[in-house]
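Here is my note on the model, point by point. Please read it with the coordinates open.

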Amino acid sequence: MSNVLPSFTIPTIEWSAVAPVLLVIVTGIIALIFEIARPKSNNVATSIASILGLGVAGFFAWQQLGLMPSESLGNMVVVDRFGAVMQILLIVACALTILFSEGYMREKKIAFGEFYPLVLWSTAGAMMMVTTKNLLMVFIGLEILSIALYVLAGLSRNEAKSEESAIKYFLLGAFATGFLLYGIALIYGATGSLHFDDIGRVWDGRVPQISGLMLMGLAMALVGFCFKAGFVPFHQWTPDVYQGAPTNVTAFMAAASKIAAVATLFRFLDACAPMQEYWGPVLFWIALLSMTVGNLVALAQKDIKRILAYSSIAHAGYILVAILAHTKNPSQIGWGTLAIYLLSYSLMTIGAFIVISLGAKGGKEGTRLQHLNGLWQRSPWAAIALVVFMASLIGIPPTAGFLAKLQIFQDAVSANLWPLAIGLAINSAISVYYYLGIAMAAFVNEQTDEDVPTMRISPSVGLATGICAAGIFLVTVFFAPISNALFGPDGTVVRDQIVQTEPGDKVGIR
């Protein structure tokens, strides 16, 4: 009997590749220590420490913009511009959420310190998803993102609707995760690999015995991705969860979960390009249905959070149009449109939820349209900011929402996806009705016979609102510099050659 042990090469860990994710995880641990050490105190110190940690992580993610595309940690972590930009977007969304959360949770009487580590770890899971081409890493990142969100959705423990949203999200999320995991298993069985790039390689080999297995795996994986992104017909969880979860959790969920799911789907479909004849027509109809169903059902809603939930479904359809345009013509249409849209969507959606959160007082929160009445009297700044956010969601120039929708429309036309381009234009016109309804509700007088007390807005809430409102215009005004900084000199970098790292090599140094 041989005593020689089988050889095993330990993967080289390039710490610069995983630094942003690790820093966010460590920041969550520090936030948890703060909560244990100061359980009865306010969470201002915890929120400040969290934002500082996110700032450091954002710096390291920014540093990755200038590195050569590479894979590290046994090809499980990808370092490229796309991943770096998505990490930055996730960090911005998390920081903005934390910035306005403390005041809201105090008024809502749910000022639990565990919110901060949970939201940070959820962000870390999302960052793992956008920086990998390994199906197993995608699954791990998705679970970290989702489990934290299940808990956060039920954070308002004394409200039945919050508990209901948490259990619905958990049950439906677990069901969709099962589809994704089964799809991963089938793809692995067909390709013998968990790497995205091997999917197209094996499919090009056209082995009849495994074609059906790969198609079934692709279909089941797409179910999981479509659920997390909120595409029709996998959107049923969205309105109930958005309405029942605390507003700060809804804001984070609307932005971060969307970024993670869409960015992962983008990489996955890019790798599955040889199979486009099968998934292309399906996603075409999903995009069209998401835009149409989201906007039409939103017209009948009276609760602001439900309106924005169906709005997010429509925006998911717009985003899918951008992805389909790229996959149809990847040499001419880059991922810059997708990134700009996700940035714009995050700013205007989080900003809108910040204004809605101002209705929380004494443990109660009003989220129906009439609860906005008199906002312009109580807080003119908040009312003006709400108008800005609604204008951007509609797509009125010169807001970032207009620029982002215009780019998607142009990309769809360039890719000869005329039905989707026309559908985007028509649905944007339909959305004007309910977005204007939200804005107009803030200018309906609440009281006429006596003075209305001024609403007190904390500095952190005012800062978060100001960043979102200013960002909506700055994205348009400084589009060229932002594009050059994030997407490269030409703004259309899509397919860079991945450089495999060897032991002792530094990521990106070639």
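1. Ile426 counts as partly exposed, because its relative accessibility is 48% and the partly exposed class runs between 20% and 50%. The residue sits in helix H17, which spans residues 418-441. Keep in mind that this is a predicted model.

2. Ile426 also has a partner that is remote in sequence. Met291 is 135 residues away along the chain, yet the two C-alpha atoms are 9.5 Å apart.

3. Is Asn43 buried or exposed? Asn43 has a relative accessible area of 2%. The cut-off for buried is under 20%, so Asn43 is buried. Asn43 is a loop residue, placed between helix H1 (15-37) and helix H2 (44-63).

4. What does Asn43 touch, beyond its neighbours within four places in sequence? The contacts are Glu35, Glu102, Arg106, Ala111, Phe112, Gly113 and Tyr116. A C-alpha distance can be added for Gly103: it lies 60 residues from Asn43 along the chain, with 9.7 Å between their C-alpha atoms.

5. Next, a helix pair. Helix H3 covers residues 81-108 and helix H13 covers residues 336-357. Their axes come within 11 Å and cross at roughly 5°. Angles under 35 degrees count as roughly parallel, and H3 and H13 are therefore roughly parallel to each other.

6. Which residues form this contact? From H3 come Phe82, Val85, Met86, Leu89, Ala93, Leu96, Thr97, Phe100 and Tyr104. From H13 come Leu338, Ala339, Leu342, Leu343, Leu347, Ile350, Ile354 and Ser357. By class, the contact of H3 with H13 has 15 nonpolar residues, two polar and no charged.

7. Now the whole protein chain. It holds 19 helices and five strands. Its radius of gyration is 23 Å, and the globule rule gives 24 Å for 510 residues. The two values are close, so the chain is as compact as a globular protein of that length. Along the principal axes, the C-alpha atoms fill a box of roughly 90 × 55 × 45 Å.

8. Burial and surface come next. Of the 510 residues in the protein chain, 59% are buried. The accessible surface is about 20,100 Å², and carbon and sulfur atoms account for 67% of that area.

9. Last, contact range. Take the contacts in the protein chain between residues at least 6 apart in sequence: 80% of them join residues at least 24 apart.

Key: Residues numbered from 1 in each chain as written. Predicted model: local features only at pLDDT ≥ 70, side-chain atom pairs only at ≥ 80, totals over all residues. Heavy atoms only, no water. Axes fitted to C-alpha atoms, helices over the stretch in contact; angles between N-to-C directions. Helix = DSSP H or I, 4+ residues; strand = E, 2+ residues; numbered from the N terminus. Parallel < 35°, antiparallel > 145°, perpendicular 65-115°, else oblique. Contact = heavy atoms within 4.5 Å. Nonpolar A, V, L, I, M, F, W, Y, C, P; charged D, E, K, R; others polar. Rg over C-alpha atoms; globule rule 2.2 N^0.38 Å. Buried < 20%, exposed > 50% of the residue type's maximum accessible area, 1.4 Å probe, protein only. Areas by Shrake-Rupley, 256 points an atom, 1.4 Å probe, with all protein chains shown as cover.
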